[in-house]
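Student: I am new to this structure and would like a close look at a single part of it.

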Amino acid sequence: MCKNYLEMDFRHFVIDQAGNTFASARVSSTGRIANFIIRDSGVRQQSGDGWYSIEPESAQLIRSRAESAYGLVPVYHSSS
């Protein structure tokens with residue numbers, strides 16, 4: 001799991017009909033991909049086959065960085 005959220009560059013977002021956002025970012029120091037589900041209720045990060053809740057302080061940082069990237073990277077909307 002990515003722990004240095006300041007090194008992430010978001011690459012794209014997918015928004016479902018409920019307003020949940022799948023966000024994919026590249027970690028600049030390693031080139032690895034970090035995937036997130038951003039919901040009103042919290043942020044979860046993918047690690048292997050599972051999704052894990054992010055603590056509130058880090059979740060807010062992820063939300064802030066995602067908001068900064070929104071509109072600068074591709075945004076897709078899911079129809080289902």
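Which strand do three bridges join to β1, and do the two run parallel or antiparallel?

Tutor: The model is predicted, so local features need pLDDT of at least 70 and side-chain atom pairs count only at pLDDT 80 or more, while totals for chains, interfaces and linings use all residues. Residues are numbered from 1 along each chain as its sequence is written, and side-chain values use heavy atoms, with hydrogens and water left out.

The strand is β6 (residues 75-77), which runs parallel to β1. Strands are DSSP runs of E of at least two residues, and helices are runs of H or I of at least four, numbered from the N terminus; two strands pair if DSSP finds at least two bridges between them. Within this pairing, V14 has Y76 of β6 as its bridge partner.

β1 (residues 8-15) also pairs with β2 (residues 21-27), through seven bridges and in antiparallel fashion. M8 stands opposite V27 there. The two strands form a hairpin with five residues between them, and G19 in the turn has a positive phi of about 90°.

β1 also takes part in the largest nonpolar core (buried Ala, Val, Leu, Ile, Met, Phe, Trp, Tyr and Cys residues joined through side-chain atoms within 4.5 Å, where buried means under 20% relative accessible area, with a 1.4 Å probe and protein chains only). This core has 17 residues, and M8, F10 and F13 are among those with the most contacts inside it. The elements giving two or more residues to it are β1, β2, β3 and α1 (56-69); α1 gives the most, with four.

Beyond its neighbours within four places in sequence, F13 has contacts (heavy atoms within 4.5 Å) that include F22, A66 and Y76.

Key. Buried < 20%, exposed > 50% of the residue type's maximum accessible area, 1.4 Å probe, protein only.
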